[in-house]
Structure formats: structure tokens, C-alpha cells
Amino acid sequence: MDAPNPDTLHAENQHCDILIIGAGPAGLHAAFYAAWRGLSVRVLEARGEPGGQLSALYPDKRVYDVPGLPAARAADVVAHLLEQLDGLAVEIRVNSVARTLEQAETGWQIGTDQDTFTAGAVILAAGLGALLPRAARISGADRHPDLRTDLPEPSELSGRSVLIVGGVPQAARAALELLEAGAKVTLTHSRTGFRGDPVSLARLENARATGHLEILAPARLLTLTPQGAELEVNGETRHIQADTVLLLGGYLPDLSPIQSWPLDWRGEYVPDGPGGRTALDGVYVVGDLAGSGGDFKLISVAFAQAAVAANHATHFVKPELRVRPGHSSEKQ
Ligand SMILES: Cc1cc2nc3c(=O)[nH]c(=O)nc-3n(C[C@H](O)[C@H](O)[C@H](O)COP(=O)(O)OP(=O)(O)OC[C@H]3O[C@@H](n4cnc5c(N)ncnc54)[C@H](O)[C@@H]3O)c2cc1C
């Protein structure tokens, strides 16, 4: 087994051995395996953070069928997957939606809205599609100067007044992170309760009780204004001043950025042959997107497919490396 090379850091848009589309469990485990074999890996992720469905859709739910991690919070499963990448030559680029795929002299060229990358092989781990924020249909949306629909980098909003709208776990998390970063936060939701892990919800309540956080729930968002928003609270209209409005309404999967790629699509699946091969030479598919998994949309299935495809892709890019990885336990 080749030793991973932690020094192979990617200069701006440098060619990499393997490019993975999607940082869900399939993409992260494929990244681990290819980098473990000594290859350089870049992962493109549409969302602002890795973790796929686990971090976007159910971070606080417990997952009981991940091998070796009994009754783990989904967010903790992601944390473990990321920890396993420590010291390996893996770069994860968030907020990067892969939109184009073309053959290149060195393998494949992949385009996002911002950049173009080349790689020896590509692993598609796009799951149900790019998990993008639900479109915000709200009165006055074009009047506010800083309306956002995804988790911000908290330090960016330090010292600003922020109105967070939503009851999803990301709303509770954003409120706590922004308070910690020194923002003045108001949190509102159309229902009384917020979703999140018990510890976060207790911290939220404590911040409210000690006057550090204003919570207005249930409340109805009437309209955004250039200065903030108007809310209906207990039958009265209140104006909330906000430099930034954060609308967190959850995420919806969108396959359209890659659905025109010539992969012989079967509905929302990409057919896969032995080793995760697709109709395109040097392009592999794993996880929920892979046809062979079918109804088995499971993390454990994604892991197995990722291990197999990453090792086939490794051999494809570096034929001198065998497909078979050997045992990690043999490493000293
Ligand atoms: C509520 C819920 C509960 C679940 N519970 C369990 C459970 O208990 N046990 C279990 O085994 N499974 C469970 N699952 C299923 C499990 O989450 C999926 O099988 C798993 O996430 C699939 O992993 P993946 O990496 O293939 O795809 P995903 O997790 O969907 O990750 C794909 C990633 O690719 C990104 N992406 C897609 N397109 C692009 C693009 N063009 N450019 C850049 N990035 C892109 C997406 O944004 C996403 O982050 C659950 C699913 C849900 C919704």
C-alpha cells in the first residue's frame, strides 16, 4: 500500500488524479480510499459544507445501521468521515456545482460556475442531486440588500444584526454560531418549535433566557424591507432591523446540472458496470446515484461502492498500482 502524501496540496486549480463530484458519504469514502492509495483527490460539493444528505437533511437524527458506529448522529458520522481524511491529499471545494464534463488530454475536464478542473478520472457521487437551498418565495425579497439562503461563514457577519428565518436544524445552528461570532441575532419561525439536537436547543433556550438572543415564534414573515423585515407576532406587526436576512428553509436535490452528461441515464440513476464503471471511460459512479444500488439507498451500500470504484479508478489513473488495495491494517 502506498503511503498517502499529505504534502501534495493542490495549488489553485492544479490537475488532480481523481475528481469526485459530491461530498456525501459515498464521495468522502471514495476520497479516503483514493488518497490512501497515494493519489491526489479533489472533491466538488454544491453545498457550503460536506456531508450530503446527512448534514443537509437530517444532521440530528440518529443512524443505527452505519457499520461500527452504533446509534450515531448523522452529523457525527460526517465528522468521522472527515476525520479519516486528515493528513491525506484531499481538497474539498464547497459551493461548487459541477456543470460540465468534457474529455481532456489528461483525462477529464470538469467545469463549475467559477472554475475549470482537470483530472485523470472522475467519480460521480452526486446522490439525489445537488442539495441546493429551497427557492425563497417571499414578499420584498428584492428590496433587502443582503438576503442569503445558506449557512454563512459566521465571522463574516460579526457585529451585524441578523434575522434568521426557519425552523430547520441549520437555523438553530446558525443562530448559535452567529451569536458566538458576535452578531446580534433574531430567530423566527412560523411554528413554536425549532429542530436540532437537544444540546443545541438547550443552548438556544439559554441564550434567549439570558437576553442574548431574540426568538419570535410563532411569527409570520410579512415582507422584507430595505432595513430588515416586517413580522406578524401575536396579531401585531413588528419591524425587525436586520443588516442580513438568512432564510433557511431546507434543501432540495437537483440533478439537472449533470443530467445532460452522456451517461446513459435511467431516470435518476446512472447505470454502473463492474467496478462502478459508467458509459464513459474513466468515469465511475457510486452511492445513491448508481443504478446497481437501486432501492438500497443506504450509507453502508455507498461505502462499499465507493471502496470498489475508488480502487478501480486508482488503477485506471496509475496502471502500475493494482486494483486490489491490500489491507490497511498492514500499514505500520
Ligand atoms: C431523512 C433521511 C434519513 C436517512 N436515514 C438513513 C439511515 O438511517 N441509514 C442509511 O444507511 N441511510 C439513510 N438515509 C440515506 C442516506 O442518507 C443516503 O443513502 C446517502 O446519503 C447516500 O450518500 P451519497 O454520498 O450517495 O449521496 P448524498 O448524501 O446525496 O451526497 C451527494 C452530494 O453530492 C452533492 N452534489 C450533487 N450534485 C452535485 C454537483 N453537480 N456538483 C457538486 N456537488 C453535487 C450534493 O450536494 C450532496 O452533498 C437517509 C436519508 C434521508 C433523506
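The following questions and answers concern the ligand site and one aromatic pair of a predicted model.

Local features in this predicted model need pLDDT of at least 70, side-chain atom pairs count only at pLDDT 80 or more, and totals for chains, interfaces and linings use all residues. Residues are numbered from 1 along each chain as its sequence is written, and side-chain values use heavy atoms, with hydrogens and water left out.

Q: How many residues surround the ligand?
A: A residue belongs to this shell if one of its heavy atoms lies within 4 Å of the ligand. The closest are Glu-45, Gln-53, Tyr-58, Asp-65 and Ile-299. The number of surrounding residues is 32.

Q: Which residue has an N or O atom in its side chain 2.8 Å from an oxygen atom of the ligand?
A: A polar contact is a pair of N or O atoms within 3.5 Å. A ligand nitrogen atom lies 3.0 Å from a polar backbone atom of Ala-46, and a ligand oxygen atom lies 3.3 Å from a polar backbone atom of Leu-298. The side-chain partner at 2.8 Å is Gln-53.

Q: What are the distance and angle between the rings of Phe-32 and Trp-36?
A: Rings of Phe, Tyr and Trp (its six-membered ring) pair if their centres lie within 6.5 Å, and planes under 30 degrees apart count as stacked. Because Phe-32 and Trp-36 are 4 residues apart in helix α1, about one helical turn separates them. Their pair is stacked, with values of 5.6 Å centre to centre and 25° between the planes.

Methods. A polar contact is a pair of N or O atoms within 3.5 Å; within protein, one must be able to donate a hydrogen and the other to accept it, and residues adjacent in sequence count only if both atoms are side-chain atoms. Rings of Phe, Tyr and Trp (its six-membered ring) pair if their centres lie within 6.5 Å; planes under 30 degrees apart count as stacked, over 60 as edge-to-face and the rest as tilted. Helices (H or I, at least four residues) and strands (E, at least two) are DSSP runs, numbered from the N terminus.
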